[in-house]
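Visitor: I would like a close look at one part of this protein. Please take me through it step by step.

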Amino acid sequence: VEQGDVDGEELLRRELRRRLGPSTGPLDPRTRRRVYNALLRAGFEGSAVHRQLALLGGAGRQGFDDDFA
C-alpha cells in the first residue's frame, strides 16, 4: 500500500478476523448478524461485509441471505 492509500478489503478482513476470534466452525445466524451489524456501524459497506461473510462459509447455505433481511 502506497503512502495514504488504504486497502478497504484488507481492513475489512482484518476487522472480521478480530471480531470472530479463533472461530473454527461455521458461523451461526446470531453471530453472523452480530458481526454484520458491528461492521456496518464501523463504516464498512454492507455489500462488502456480506461478501466477506459469504466467503467464510455462508454462501450456498439455505437461509443465509435471510439473516440480513
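Visitor: Start with E10. Is E10 buried, partly exposed or exposed, and what is its relative accessible area?

Guide: A word on the source first: this is a predicted model. E10 is partly exposed, with a relative accessible area of 24%. The cut-offs explain the label, because buried means under 20% and exposed means over 50%. E10 falls in between, at 24%.

Now its partners. E10 and R14 form a salt bridge through their side chains, at 3.9 Å from N to O. Both residues sit in helix α1, which covers residues 8-20. They are four residues apart, about one turn of the helix. R14 is partly exposed too, at 48% relative accessibility. R17 also meets E10 in a salt bridge, and there the N to O distance is 3.5 Å.

Further along helix α1 is another pair. R19 forms a salt bridge with E15, with the closest N and O atoms 3.0 Å apart. The spacing again fits the helix: R19 and E15 are four residues apart in α1, so about one helical turn separates them. Their surroundings can be read from the accessibility. E15 is buried, with a relative accessible area of 18%. R19 counts as partly exposed, at 30%. Back at E10, shared partners join several salt bridges into one network, made up of E10, R13, R14 and R17. The structure as a whole holds six salt bridges.

Stay with R19 for a moment. This residue of helix α1 also has partners far from it in sequence. Leaving aside neighbours within four places, R19 is in contact with R34, A38 and L39. The C-alpha atoms of R19 and V35 are separated by 6.9 Å. Along the chain, R19 and V35 are 16 residues apart.

V35 and L39 lead to the nonpolar core. Both belong to the largest one, which has ten residues. The other members are L12, L16, L20, L27, Y36, A48, V49 and L53. Helix α1, helix α2 (29-41) and helix α3 (46-58) each supply at least two residues of this core. There is a general pattern behind such a set: in soluble globular proteins, nonpolar side chains tend to be buried together.

A48, one of the core residues, brings us back to the start of the tour. Outside its neighbours within four places in sequence, A48 is in contact with E9 and L12. L12 is itself a core member.

One polar detail belongs to helix α2. T31 has its place in that helix. Its side chain joins the side chain of D28 in a polar contact of 2.8 Å. T31 counts as buried, because its relative accessibility is 19% and the cut-off for buried is under 20%.

Finally, step back to the whole chain. The protein has three helices and zero strands. Read along the sequence, the pattern is α-α-α. Of its 69 residues, 29% count as buried. The exposed surface is about 4900 Å², and carbon and sulfur atoms supply 47% of it. Among contacts with a separation of 6 or more, residues 24 or more positions apart account for 52%.

Definitions and conventions:
Residues are numbered from 1 along each chain as its sequence is written. This is a predicted model: local features need pLDDT of at least 70, side-chain atom pairs count only at pLDDT 80 or more; totals for chains, interfaces and linings use all residues. Side-chain values use heavy atoms; hydrogens and water are left out. Buried means under 20% relative accessible area, exposed over 50%, partly exposed in between (1.4 Å probe, protein chains only). Contact means heavy atoms within 4.5 Å. Accessible areas come from the Shrake-Rupley method with a 1.4 Å probe; for residues, only the protein chains shown count as cover. A salt bridge is a side-chain nitrogen of Lys or Arg within 4 Å of a carboxyl oxygen of Asp or Glu. A nonpolar core is a set of buried Ala, Val, Leu, Ile, Met, Phe, Trp, Tyr and Cys residues joined through side-chain atoms within 4.5 Å. A polar contact is a pair of N or O atoms within 3.5 Å; within protein, one must be able to donate a hydrogen and the other to accept it, and residues adjacent in sequence count only if both atoms are side-chain atoms.
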